[in-house]
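Biologist: Please take one part of this model and go through it closely. Start with the cysteines, then move on to how the neighbouring elements pack.

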Amino acid sequence: MKTVRCAIYTRKSSEEGLEQGFNSLDAQREACAAYILSQASEGWNALPDVYDDGGLSGGTLQRPALQRLLADVAAGRVDIIVVYKVDRLTRSLFDFAKLVETLDRTGTSFVSVTQSFNTTTSMGRLTLNMLLSFAQFEREVTAERIRDKIAASKAKGMWMGGTPPLGYAPSERSLTIVPDHAALIRDLFARYLTLGSVPLLEADLLAQRVTIPKRTTIGGKPIGGGAFTRGHLYQILRNVIYTGRIAHKGTVYPGRHDAIIDEGTFAAVQERLAANLQGERNRTRTASPSLLAGRIVDEDGDPLIATHASKGKVRHRYYVSRELHHGRSRTGMRLPAREIEALVAGQLADLLATPLTLAANAAFVLNAGQIVKLHADCQTLAGQVPHPRLPVLAELVQRVQVGAADVSITVHAAALAAMLGIGREPDAPATLELCCAARLTRSGRALRLVQDGGAVPQATPDRALVRLLVQARRWWTLLRTGEINTTELAQREGVTPSYLARVVRLAFLSPAVTQAILAGRQRAGVTVASLTLGEGVMADWQAQKGALLPN
């Protein structure tokens with residue numbers, strides 16, 4: 001007699017009772033095993049493999065034991081699937097259709113030990129579909145009851161589980177305040193009302209190194225520990241739960257937990273968020289705004305126009321003389337926008353790095369108790385200056401004049417005092433003047449703005465130069481083994497032996513020079529051509545630093 005291999009599948013939707021010595025899964029398996037034993041005369045034999053899915057819904061097929069069972073079916077190791085009821089296998093008509101298609105391909109059938117029908121006949125299939133329809137109906141009714149229960153519980157102000165918001169810890173069907181975290185939440189609301197925008201708040205927290213407190217979920221998963229993101233800050237600032245209330249589907253109910261934020265503060269924050277959102281919708285968005293547009297002029301005082309050129313997906317921005325831009329002249333100034341903006345941001349950061357000198361030059365009204373706060377505020381503002389999406393640089397800079405050998409920056413002193421929250425003397429100067437030695441020079445094919453000492457304002461690694469250093473290290477690694485000489489390697493790589501020798505010398509650059517090139521902080525003019533043509537690189541490391549690094 002042919003042996004019929006039977007696989008027993010069991011499932012339970014909830015985890016309740018699974019810890020017992022004899023649970024629902026054991027009862028289902030025992031009933032299925034008894035049924036298989038009753039069919040022993042037909043050659044039925046239970047497989048030893050256990051296919052149990054405890055605590056998993058029948059509304060999906062993504063169940064570990066079921067997937068393992070289907071894999072065994074596809075491999076031809078199962079002839080019949082035995083279940084206690086059809087709804088143990090699935091509660092969805094759509095999923096059942098997919099299962100029947102899978103079983104038909106392999107010639108596998110299934111049996112329900114408590115429901116008598118034969119799927120090989122049309123009447124049996126009709127009966128099965130009716131049973132599954134009722135199973136799906138039961139699942140949907142259960143889901144509706146759960147949704148209604150959650151809605152009714154939230155209407156009574158109860159916490160219905162999940163990860164509690166920062167500042168609270170779960171306590172049965174309510175929340176308790178975590179003092180340290182609650183203090184941070186209050187600080188976030190206060191900072192937002194002071195700074196006025198979420199991007200500024202994000203930058204401020206980043207500059208102050210304020211991070212999300214580490215917590216552990218009910219399931220034991222660690223969360224937190226990283227920096228606050230803009231989305232997370234919006235979520236916190238809009239969360240009505242901090243006012244002691246519970247929201248559900250657009251309706252707000254009084255909660256059973258204590259408030260962290262008072263109603264007045266929360267309302268002020270919502271009003272500011274709404275105003276900022278309206279402003280963002282009305283404002284023309286650009287991926288890379290020209291922060292100095294309308295403020296930058298050449299040495300004759302003629303304005304430079306913000307423009308750009310696109311090469312593929314890369315957008316290169318420039319500030320160009322008006323006559324040159326309109327084609328009425330072949331001479332004029334064409335500045336790379338990112339570099340001049342980086343230079344101006346660097347000068348402002350240097351100005352803020354010496355708060356007491358700044359206070360003296362700008363005639364701030366400052367007492368001894370404000371010195372510590374001034375240092376902290378200057379540090380925070382310095383961290384916000386280079387941020388391209390924050391208006392700090394555009395609001396502080398009144399004028400930038402680019403000369404042949406220097407750049408002059410006029411800073412709006414009153415705006416700076418307002419950002420720092422400091423008063424000024426009645427006869428305080430309206431502006432502060434900064435000056436930086438810098439000139440426009442050509443480095444390879446690109447125009448670069450070079451400061452005094454050969455430094456560039458913006459550290460941008462030269463990809464071609466980095467690839468050349470990698471090539472030099474690779475070739476030297478091959479040569480040092482002694483298994484191949486320079487001529488053979490050059491022939492294999494398709495280059496001349498002299499070129500290979502000039503490149504290999506770059507493997508012996510000093511560590512300081514190598515690190516500077518990888519970071520994009522080499523002296524302006526140091527390119528692939530300058531390192532591989534002419535006399536090449538000297539062997540002395542100190543001489544290399546003097547020639548290849550900014551002073």
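**Cysteines, a sheet and a helix pair**

Modeller: The disulfide count is zero, taking a disulfide as two cysteine sulfur atoms within 2.5 Å. Keep in mind that this is a predicted model. Take cysteine 436. The closest cysteine sulfur belongs to cysteine 435, and it is 7.3 Å away, so the gap is too far for a bond. Cysteine 436 has 8% relative accessibility and therefore counts as buried. Cysteine 6 is buried too, because its relative accessibility is 0%.

Now the sheet. It is open, with three antiparallel strands in the order 13-14-15. Strand 13 (304-311) and strand 15 (334-336) are the edges, each pairing on one side only. On average, neighbouring strands are turned by 35° against each other, direction ignored. Strand 13 pairs with strand 14 (residues 314-321) over eight bridges, in the antiparallel sense. One of the pairings joins leucine 304 to serine 321 of strand 14. Helix 11 (residues 337-352) lies across strand 14 and strand 15. Helix 11 runs at about 75° to strand 14.

Further along come two packed helices. Helix 12 spans residues 355-362 and helix 13 spans residues 371-384. Their axes are 10 Å apart, at an angle of about 100°. The two helices are therefore roughly perpendicular to each other. Helix 12 brings Pro355, Leu356, Leu358 and Ala359 to the contact. Helix 13 supplies Ile371, Leu374, His375 and Cys378. Of the residues in this contact, seven are nonpolar, one is polar and none is charged.

Technical notes
Residues are numbered from 1 along each chain as its sequence is written. This is a predicted model: local features need pLDDT of at least 70, side-chain atom pairs count only at pLDDT 80 or more; totals for chains, interfaces and linings use all residues. Side-chain values use heavy atoms; hydrogens and water are left out. Buried means under 20% relative accessible area, exposed over 50%, partly exposed in between (1.4 Å probe, protein chains only). Axes are lines fitted to C-alpha atoms, for helices over the stretch in contact, and angles run from 0 to 180 degrees between N-to-C directions. Helices (H or I, at least four residues) and strands (E, at least two) are DSSP runs, numbered from the N terminus. Angles under 35 degrees count as roughly parallel, over 145 as roughly antiparallel, 65 to 115 as roughly perpendicular and the rest as oblique. Contact means heavy atoms within 4.5 Å. Ala, Val, Leu, Ile, Met, Phe, Trp, Tyr, Cys and Pro count as nonpolar, Asp, Glu, Lys and Arg as charged, and the others, Gly among them, as polar. Two strands pair if DSSP finds at least two bridges between them.
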